[in-house]
Structures are given as C-alpha cells and as structure tokens.
Amino acid sequence: MSNCGRVLCAAVVSVTLMLGGCKSSSSPTEGARKFTVIFSQCNNAEPYRAAQNDLMTRLWAQYPDVQFSILDAQQDDKKQIDQITTAIRQKPDLLIVAPNQRAPLTRVMGEAMRADIPVICLERDIVEPHYTTYIRCDNYAIGKMAGQFIVEHLKKKYGAPKGNIVQLQGLLGVEAEINRNNGAADVLKVYPDIKYVHTAVADWIQSKAKDRMIEALNANPQIDIVYAHNDPMAIGAYLAAREKSREKEMIFIGVDGLGGEQGGIKKVVDGVLAATFVYPLCVDKAVEIGNSILRNKDFKPQKEYVMTSTAVTPENAAELLKKTAN
Amino acid sequence: MGMTRQIESAGGRVLGALSRLQSIVGLILIVLLSIVLSPKATDGSIIFLHWGNLTDVLRQMSVVGVMALGMTFVILTGGIDLSVGSILALSTCVLATLLTQWQPGLDYGWHIAIAVGAAVGASTLVGLANGYLIFRLGVPPFIMTLAAMIGIRGLAKWLTRNATMDIGFGQDAAAVFARSIGDKTATILVFLSLAVIFWVVLTRTVLGRYVRAIGDNEQAARYSGLPIRRVKVWAYAMMGLLSGVAGVLYAAQTNQGDPNAGSGYELDVIAAVVIGGTSLSGGKGSITGTIVGTTIMGVLTNILGLNNIDSNVQMMTKAVIIILAVWVQKHRKAD
C-alpha cells in the first residue's frame, strides 16, 4: 500500500476509534442527567476495591439523574494526581477519592476543594484534611477484636492464655496494616505466654502468603493461631498448612469479610477460616452522604464518619452470608 | 516537457516534506478530534481548549517528556534503555532522603541544590555504568538495561527499606522544594528548556551527527574513526541524567520519595519516541518528532480522561495508536 494510502487508513481508523469511544460515554440522554459524580479509585485490581466499585456503581445507578464514572489509577500516584486534575477541569458536582497514598494525593485534593468541588475521602486518609468529609473504618478496633478472639480461643484450647501465633502482614506503611497490627498486639502484650513465633510480610496477596506460611511451618513445630491481616493472606496460609497436613493444628483469622462465593464470610461457613472481621466498603455511607451533598445545598456533613466492623464467626456466618447476597 | 518535470519535482518535494512531518499531521489530527470531542463548560466554552487544561497536558507529559529526550539519543545510537523507570525511583529516594533526613543547617536554597544535585548525579552514574558495561562487556543494551531495571529497583527498595518518604507541607527545605519545583510553570519550563538544549545538541553539534551516524551504520562509523565508545557511553549517561531530572519533577509533584515509582514508565517513554518517528533500529529520528510523539500521547490521555473513558479502553486505544503510527512510518524513505 502506498504511504498516502497508509496515512489515510490510519486517519480513518483513529477518527472512528475516538468518535466511538468518546461519544458512547459522554452523550447524556435528553435532559435526564443533572449531576456528575466522579470516583477516583486507586487500584481496580484489588478484590476489596473491585467490590467497592461494583457496589458504588449499583447504588448510584438507582438515581437516573446522576452520571457516574470511575477512574482507575492502577496503583500509580502520578496517574491518580493527573486523573483528578483532569476531572477537576470538568467541574463535577461530587468527587470521591480513594487515595493511593497519603502525601501524594494531598495537594490535588486541596485543588479540588479550592475549585468548590465537594470531596469525599474514602477509607484511606491524606496528610492534611483537604476534603469535605472522610469516611473510614476503625482498623485499630478490628485489631483489638482479633486480639480478643485469639485470647478467648487459646483459653478454651489450653485452659490458659498461652500459645504460638504466626502473623502475616500487608503493605507496611499503610494505615490499615499498622492499626490491625497494633490493635491485636496491644491486647496480647499483657499475656506473656502468648507469643508471636513468626511474622512475615505478604503484601496482601494470597500466593505470597502461602510462600511465607510454608517457611513458618518449617520453622515452627507447633502453631496455634495464624493472624493474617486480610482474607486472601489467611486463605493462602490455610492452603500451605493443608499441603503439609497441618491445617487441623491451628486456626486461621483474616480481615475483610467480603460476601459472595469468593469472600471471607463463605470461608468461615466452609470452616477454612475460624473468624474474619468485616472491613466495611464504606460505599453505602459515601453514596448516602454524597446524595445529601448533591441535593441539599444546606447539608453540612460531619468531617469524619467511622464505620463499625462485625466479627464473623461460625455462629453468625451463614446468616451474614445470606444478608450480603442481597 | 520541462514544466511537467518541474511540477513533478515540486510535488515530490511537498510529498517528501509531508512524509517527514507525518507525526505532526497525526498530532494535528488528534488535536482537532479533541476539540470536537471535548465536553463543554457551563458557559459553552470548549474545556479542552481552556488555558488551564492545555497547561495541565504540558505538565502531565513533562516527566515522560524529559525521559523521552534522552531515549531519543539512546535509540538513535541503535540501543535501548529499559531501566529508566527504576532510575527515576532511585532519584526520588535519594532526593527525599537528603531533603528529609539530612539537617546540614544550610540555607534552604543550598540544601535543595545539593539534594537535587545528588539525585541527578546518582542517576547519571547509573547511566554511565549502563553505557560503559554495554560497551566493555558487549552485552546487548536490551539485556544490560533489563538487568539494571531489576537491580536498581531492588537498590531503591533496599535503601528505603521498602518504605516511602513523605516530603511535607510545612516550612522546611523539603516543603519549599515541593512547592517551587512542583509548581506547574516550573515543571513546564524545565521540560521545554531541556527540549531546546537537546534539540540543539542533536541538530547543531558534531556529537549529534556522530550519534546518527553510529546508529545508521556502526561499521562504517568505526571505519571512519568516529569515537564510538565515547558517544554511546555519553548517550546512556544522558539518559541516566534525564531520568534523574524526571525523578526530581516526579518527587516534587507527588510530595514523596517512592522506591516503587515509575514502574512501567519505560514503555510510555519508548512509545512516545517511536510515535514521533524514531526508528528502533537506529539512525533515524529527531527531538522534534519525540516532542510531537509525547504530545500526541499526552493529548490522547487528556481527551480520554475528559470524557471519563474506562482506563482499560484507554490502554487499548493507545495500543492501536502506537501500532498505527509505526505502520504509517514504516516505509518512509531514508533522508
């Protein structure tokens, strides 16, 4: 094909692509769209965040006058900053941000506030309070609940508070990790016979947790508790123990408690996990507060909303699973 | 008969010029499309054309743009550098460490200058090592810089113990640095100044001519007595330096030193260079083309973002644009 022909071909393809891509998302139905809501998600690829996205989309879809879109920063700080900067240009009626990290997102969320755009900060915090409201969960309380569960279990097993714990951690430096760690540690430090025999970092990921657990199993002949700071890591540890036929020797505790076939609640029903703690998606609250902000000019939200967690144990797991199926 | 020939040769010259400017034609096309597809503000104006948005695009492409300048030289010599993202991360970590954990009691200007100098210096050293080892050991650039990509990333993570270092918002040297260099105008000025400097180097200096000659035909260049080793090492050293500068810009914009920064950036940088018309086999290319290529990617990201297109669709669109750009330029006649 001649070069001119190639240029023409390329031009036609590009135009078609862009027209198709852009028009399909930006054309509103006549008169129906009144509000624009943009959600800057730090990383679509994590199961917890995928669940947030699903629920967020479903809840906003209940309001036909809201045009809702999700931006995926793919765990890159600069990408999230750039995406929010471009979002600000569109002057949305509401901006919801799940910050990838604390410091990098602080300045741009301040710019959004200065542009008179209401900002909801979701689940992770930033360095300065550049948001209209911050919806969070109490990870320290979750850690404490886990610690108390561990003490009760060991008392029942041995008649006294003693035992060996393997701890699997997520990304260090994330607030959730620090508080889930400290909440449990503060409860357990008054019991000198309860020992952390092995602590390893598995970055929230199931396959890494399995590898770390194999190392823990090889190094420790007696393990009573595996406390993993999220469900995928707890499941990875279970798989490692089962490979070595030691899964009955210990119990596995996680955090997240997502519903559905793949979630932690089902794993408690199935007996894989002894307990998990529901880490709220914070999405219901975000949509509730967001709606009030959109429709009620005089509405002044609290600066912070704290969502409570629930312990999921074999006693209440089946019921909770049914509830989350709705 | 004479006139026909004159018209033919004039037409041939126009077509020749047009074919060299293919990337600019592509840019014009994408800009026109962006104007058409841009959402409108409440006052009816085209958001894409707002001065604030256009300068946003420039700022957002600065980090990749600065690195693409260096990559142009490396690819022109017939090489490639996959380690640029890791060098960027190292630069942000060295910078943040010196800004936040070193208290020299110096005037802020000096403190910042030394920290920036150290970050860029360390990055240049890595580039020098890349270039020297490629030449000395005869390891293909792809393999050498792949190893550097992995090793330097590991070094950055080891130095910071996997943690990020926040550059604060207070009144210390670190905060002053972030406010001044992270400013939109400063970032754009750094990018444009470097673009001018490296354009001059490539088009107006002997070094620039040597770079092209070596990439075009290394054997012939060797027989002509060109200083192959010096030129190649220089190209990789400059790549390191520019990755270091990109790291400084990145740290200022994100208020953080991050050992995980820049992952995958080498692909965006190479894409920008290739779309701009530089051939991966070496010898053909220009700084102007690179800047056009970088701008095409920047405008594309912007217009897709303004229309809130799903990120996955954005990635697929970019992939198609890259393939189209290279296909269109495939049989461009050598100058």
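B:Val66 touches B:Phe191, B:Leu194, B:Leu242, B:Val245, B:Ala246 and B:Leu249, leaving aside residues up to four places away in sequence. This is a predicted model. B:Val66 belongs to the largest nonpolar core, which holds 99 residues. Together with B:Met67, B:Leu95 and B:Val269, B:Val66 touches the most other members of that core. Helix H11 of chain B, residues 228-254, supplies the largest share, 17 residues. A second core is separate and has 87 residues. Among its members are A:Ile38, A:Phe68, A:Leu273 and A:Val278. In soluble globular proteins, nonpolar side chains tend to be buried together.

**Confidence**

The model scores ipTM 0.85 and pTM 0.85. Chain B has a mean pLDDT of 90. In that chain, 93% of residues reach 70 or more. Where pLDDT is low, the predicted coordinates should not be read in detail.

**The contact between chains A and B**

Chain A brings 38 residues to the contact, and chain B brings 41 residues. On the chain A side, four elements each supply at least two residues: helix H1 (3-26), strand E2 (66-72), helix H3 (77-89) and helix H4 (102-114). H1(A) gives the most, with 14 residues. By class, the chain A side has 15 nonpolar, 14 polar and nine charged residues.

**Domains of chain A**

The domain assignment splits chain A into domain 1 (30-131) and domain 2 (139-279 + 313-324). Their C-alpha centres lie 32 Å apart. Where they meet, five residues of domain 1 are in contact with four residues of domain 2. The domain 1 side of that meeting has three nonpolar, no polar and two charged residues.

The table sets out the classes on two contact sides of chain A.

| Side | Nonpolar | Polar | Charged |
|---|---|---|---|
| Chain A, touching chain B | 15 residues | 14 residues | nine residues |
| Domain 1 of chain A, touching domain 2 of chain A | three residues | no residues | two residues |

**Helix H13 of chain B**

H13(B) runs over residues 287-306. What span should its 20 residues have at 1.5 Å a residue? The expected value is 28 Å, because the rise is counted over one less than the number of residues. The end C-alpha atoms are 28 Å apart, so the model agrees with the expected span. H13(B) is also mostly covered, with 18 of its 20 residues buried. B:Asn308 follows the helix, and its phi is positive, near 50°.

Methods: Residues are numbered from 1 along each chain as its sequence is written. Chains are lettered from A and ligands numbered from 1 in the order in which they are written. This is a predicted model: local features need pLDDT of at least 70, side-chain atom pairs count only at pLDDT 80 or more; totals for chains, interfaces and linings use all residues. Two residues are in contact if their C-beta atoms, placed from the backbone, lie within 7 Å. Ala, Val, Leu, Ile, Met, Phe, Trp, Tyr, Cys and Pro count as nonpolar, Asp, Glu, Lys and Arg as charged, and the others, Gly among them, as polar. A residue is buried if 20 or more other C-beta atoms lie within 10 Å of its own, exposed if 12 or fewer, and partly exposed in between; C-beta atoms are placed from the backbone. Domain bounds come from an automatic or database domain assignment. pLDDT is the predictor's confidence in each residue, from 0 to 100. A nonpolar core is a set of buried Ala, Val, Leu, Ile, Met, Phe, Trp, Tyr and Cys residues joined through C-beta atoms within 7 Å.
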